[in-house]
Amino acid sequence: MTARLRLVPGPVRVERVVTAGTFSLDGDTFDVDNNVWLVGDDEEVLIVDAAHDAEAIHLAVAGRRVTAIVCTHAHDDHIDAAAELAGLTDAPLLLHPADHELWAATHPDRKPDGELTDGERLAVAGIEVQVIHNPGHTWGSCSLYVPFLNAVFTGDTLFNGGPGATGRSYSDRPTIEASIRDRLLTLPADTVVHTGHGQDTTIAAERPNVPAA
């Protein structure tokens with residue numbers, strides 16, 4: 001496994017760790033690179049997804065307090081390092097309850113510590129992180145909107161180029177498209193979209209890539 005770390009300077013900032021591993025579902029396995037996001041300041045951070053390499057993510061934490069490890073959804077490539085990372089950081093694991101069945105396939109002996117709910121507000125480094133339930137890629141998929149940073153973390157719901165994948169277990173194309181239209185494309189046009197894989201985009205750039213109702 002490999003990891004690359006990019007730091008964005010500032011008192012409250014976004015940091016990205018890219019980790020490499022595999023994604024397995026419905027009998028197929030693929031090699032993938034995942035974006036792991038850290039949101040916070042020099043004292044504390046919130047981690048968005050715990051993919052593949054707990055030690056690399058823990059290194060990026062650099063001794064700061066971790067307020068939570070938030071799972072955007074429970075596909076194995078986004079949570080396979082979650083239990084180990086929780087042990088390293090003593091941070092709670094948070095997941096939407098609609099993805100508990102998927103979670104148990106990867107971590108049968110370790111339940112999440114708390115449940116994400118639509119509209120919930122999480123706090124880190126004096127700023128607010130808003131939970132948006134975005135079903136479709138999985139039933140429990142969630143995005144995290146951070147108004148202070150003009151950013152949204154979309155996991156595998158919205159990518160640079162449009163909606164995330166469907167067609168496998170626990171997913172549905174009309175649901176993800178409606179979820180993006182109703183819950184994400186209503187955000188300010190210049191909102192930066194930090195995705196679970198690949199490069200950033202903006203809400204404005206993705207509006208033409210989501211079919212109309």
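What covers the buried residues of α5? Keep that one in mind; the tour gets there after a few stops.

**Before you click**

This is a predicted model, with local features needing pLDDT of at least 70, side-chain atom pairs counting only at pLDDT 80 or more, and totals for chains, interfaces and linings using all residues. Residues are numbered from 1 along each chain as its sequence is written, and side-chain values use heavy atoms, with hydrogens and water left out. Helices (H or I, at least four residues) and strands (E, at least two) are DSSP runs, numbered from the N terminus.

**Stop 1: helix α5**

Select residues 173–183, which make up helix α5, and colour I176, E177, S179 and I180: these are its buried residues. Buried means under 20% relative accessible area, exposed over 50%, and partly exposed in between, with a 1.4 Å probe and protein chains only. The buried set covers an arc of only 160° around the axis, which puts these residues on the same side of α5. That arc is taken over the directions from the helix axis to the C-beta atoms. Spin to the other side of α5 and you'll find P174 and D182 exposed. Now for the opening question: the cover over the buried residues includes β9, β12 (158–159) and β13 (162–163). Contact here means heavy atoms within 4.5 Å.

**Stop 2: the loop between β9 and β10**

Next, pick G136, in the loop between β9 (127–133) and β10 (142–146). G136 counts as buried because its relative accessibility is 0%. Skip its neighbours within four places in sequence, and G136 is in contact with T166, Y170, S171, D172, T175 and I176. The last of these, I176, is one of the buried residues of α5.

Stay in the loop between β9 and β10 and select W139. Buried or partly exposed? W139 is partly exposed, at 36% relative accessibility. Setting aside neighbours within four places in sequence, W139 contacts A98, D99, H133, Y170, S171, D172 and T175. Try a distance label from W139 to Y170: their C-alpha atoms are separated by 6.1 Å, though the two are 31 residues apart along the chain.

**Stop 3: α1 against α3**

Draw a line from G136 to L85: 27 Å, C-alpha to C-alpha, for 51 residues in sequence. L85 is in α3, where it takes part in the contact with α1. Show both helices: α1 (residues 54–61) and α3 (residues 82–89) pack at an angle of about 35°, with their axes 9 Å apart. Those axes are lines fitted to C-alpha atoms, for helices over the stretch in contact, and angles run from 0 to 180 degrees between N-to-C directions. The crossing is right-handed, a label used if the near helix is turned clockwise from the far one by less than a right angle.

Turn on side chains and you'll see A54, E55, I57 and H58 of α1 meeting E84, L85, L88 and T89 of α3. By class, this contact has four nonpolar, two polar and two charged residues. Nonpolar covers Ala, Val, Leu, Ile, Met, Phe, Trp, Tyr, Cys and Pro; charged covers Asp, Glu, Lys and Arg; the others, Gly among them, are polar.

Which residues of α3 are buried? A82, L85, A86 and T89. Seen down the axis of α3, they fall within an arc of 105°, so they line one face of the helix. Packed against them are β4 (44–48), α1, β5 (65–70), α2 (76–79), β6 (93–95) and α4 (100–106).

**Stop 4: positive phi**

Check the backbone just after α3, where D90 takes a positive phi of about 60°. Then try A62, in the loop between α1 and β5. A62 is no glycine, yet has a positive phi of about 55°, and at 60% relative accessibility it counts as exposed. D26, in the loop between β2 (13–25) and β3 (28–40), is another non-glycine with a positive phi of about 55°. D26 is partly exposed, with a relative accessible area of 41%.

**Last stop: the cysteines**

Select C71 and C142. Why no bond? The sulfur of C71 is 10 Å from the closest cysteine sulfur, in C142, too far for a bond. A disulfide is a pair of cysteine sulfur atoms within 2.5 Å, and the structure holds zero disulfides. C71 is buried at 0% relative accessibility, and C142 is buried at 1%.
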